[in-house]
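Subject: Structure handover

Hi there,

As promised, I am passing the structure on to you, with the sequence alongside. Have a look at it first, and then read on for what turned up.

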Amino acid sequence: MRIIQAKNYEDMSRKGADFIAAQVLLKPNCVLGLATGSTPVGAYQRLAEKYRSGDLSFAQVTSINLDEYVGLSPDNDQSYRYFMNENLFRHIDIDIARTFVPNGLEKNAEKACTDYDAILAAHGGIDLQLLGLGLNGHIGFNEPADHFPCGTNCVDLTPSTIEANSRFFPTYDSVPKQAYTMGVQAIMQAGCALMLVSGKAKAGIVRQAFTGAITPQVPASVLQLHKNFVLIADEDALSEMKL
Ligand code: GLP
């Protein structure tokens, strides 16, 4: 595990974007595992700038996103497909047909999950997986549980996650209560797992996840066992860690 300390959100975003850009330069036809949430937005803006300035092309890249809310259509402005289109894909030259997000409209959960695992397998897994960190230690939408879910799975979101995500919705009741999420296996098998974390609110869970016990009660703690895990976090997020 490598920790790269950033000064603040801007610095974390710049370092994160440089890291992802390096992956794309090294392997132009790489598979990027992408994430949503407020944390990666700055890094996505930097990547779009690199594309606009002619320094980076995503023309051969495939992307496979971590998760999607059950029941939300791609044109719902709260869906993760919409988020990705708006925050990254429409600003770069990626072929939209090679961008994958779980199908939130698939009512048959088993089919939605099997289909997504088949997409992962067909692309030979992920070269670089970008991750955020939930306040309760979730990665993707893999919530605290008594085991690490292996493949793509349908999750009942915890009240704390629904609460945290309600800031993007008009009311608490309109936040979807379930999501499809990539499992821990695909994340652990990624050539590199890159997590971005910012802010004091995450300092406690960062300490717990990366200096505490490896337990499915803190899903991100499994990354301590990843062969190539890089944490780029700002000073606030690292303020409870002894580096
Ligand atoms: C959501 C996403 C996660 C993300 C988390 C943290 O729950 N499913 O992938 O890491 O939010 O979000 P934020 O970056 O806004 O704190």
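The side chains of K111 and D115 form a salt bridge, with 2.7 Å from N to O. Both residues sit in helix α4, which covers residues 109-122, and because they are 4 residues apart there, about one helical turn separates them. Each end of this bridge is partly exposed: D115 has a relative accessible area of 35%, and K111 has 38%. Please keep in mind throughout that this is a predicted model.

As you know, side chains of opposite charge can pair when their charged atoms come close. The count of salt bridges comes to 9. Here are two others that I looked at.

D11 pairs with R14, and their closest N and O atoms are 3.1 Å apart. This pair also lies within one helix, α1 (residues 9-26), where a spacing of 3 residues puts D11 and R14 about one helical turn from each other. The two ends differ in exposure: D11 is buried at 3% relative accessibility, while R14 is partly exposed at 35%. K15 comes in here as well, since D11, R14 and K15 are linked in a network of salt bridges.

The other one joins D236 to K200, with 3.6 Å between N and O. D236 belongs to the segment after β10 and K200 to the loop between β9 (192-197) and α7, so this salt bridge ties together parts of the chain that are 36 residues apart in sequence. D236 is partly exposed, at 35% relative accessibility. K200 has a value of 55%, and because the cut-off for exposed is over 50%, K200 counts as exposed.

Now to the ligand, which I expect you will want to open early. Which residues are closest to the ligand? They are S38, T39, D67, R167 and K202, out of 13 residues that surround the ligand. These are some polar distances to check in your viewer:

- H138: a polar side-chain atom lies 2.9 Å from an oxygen atom of the ligand.
- G140: a backbone N or O atom is 3.3 Å from a nitrogen atom of the ligand.
- L133: a polar backbone atom is 3.4 Å from an oxygen atom of the ligand.

On its own the ligand has 390 Å² of accessible area, and the protein covers 94% of that.

Next, the aromatic side chains. There are 5 aromatic pairs by count. One of them is Y69 with Y80, a tilted pair with ring centres 4.8 Å apart and 45° between the planes. This pair links distant parts of the chain: Y69 is in strand β4 (residues 67-69) and Y80 is in helix α3 (residues 80-87), 11 residues apart. Are these two tyrosines buried or exposed? Both Y69 and Y80 are buried.

F210 and F229 make another pair, with centres 5.2 Å apart and planes at 40°, so the pair counts as tilted. It too links distant parts of the chain, with F210 in helix α7 (residues 203-211) and F229 in strand β10 (residues 229-234), 19 residues apart. F210 has a relative accessibility of 6% and counts as buried, and F229 is buried as well, at 2%. Going back to the tyrosines, Y69 and Y80 belong to one aromatic cluster together with F141 and F169.

On the surface, M1, I3 and L243 make a nonpolar patch of about 290 Å². Within that patch, I3 is part of strand β1, residues 2-6. I3 has a relative accessible area of 31% and is therefore partly exposed.

One last residue is S221, in the loop between α7 and β10. With a relative accessibility of 0%, S221 counts as buried. If you would like a long distance as a quick check of your setup, take S221 and Q23: their C-alpha atoms are separated by 24 Å, and the two residues are 198 residues apart along the chain.

That is the handover. Do write back if anything looks odd on your screen.

Best wishes

Technical notes:
Residues are numbered from 1 along each chain as its sequence is written. This is a predicted model: local features need pLDDT of at least 70, side-chain atom pairs count only at pLDDT 80 or more; totals for chains, interfaces and linings use all residues. Side-chain values use heavy atoms; hydrogens and water are left out. Patches are made of residues with over 30% relative accessible area and no salt bridge: like charges are joined within 9 Å, nonpolar side chains (Val, Leu, Ile, Met, Phe, Trp, Tyr) within 5 Å. Accessible areas come from the Shrake-Rupley method with a 1.4 Å probe; for residues, only the protein chains shown count as cover. A salt bridge is a side-chain nitrogen of Lys or Arg within 4 Å of a carboxyl oxygen of Asp or Glu. Helices (H or I, at least four residues) and strands (E, at least two) are DSSP runs, numbered from the N terminus. Buried means under 20% relative accessible area, exposed over 50%, partly exposed in between (1.4 Å probe, protein chains only). Rings of Phe, Tyr and Trp (its six-membered ring) pair if their centres lie within 6.5 Å; planes under 30 degrees apart count as stacked, over 60 as edge-to-face and the rest as tilted. A residue is near a molecule or strand if one of its heavy atoms lies within 4 Å of it. A polar contact is a pair of N or O atoms within 3.5 Å; within protein, one must be able to donate a hydrogen and the other to accept it, and residues adjacent in sequence count only if both atoms are side-chain atoms.
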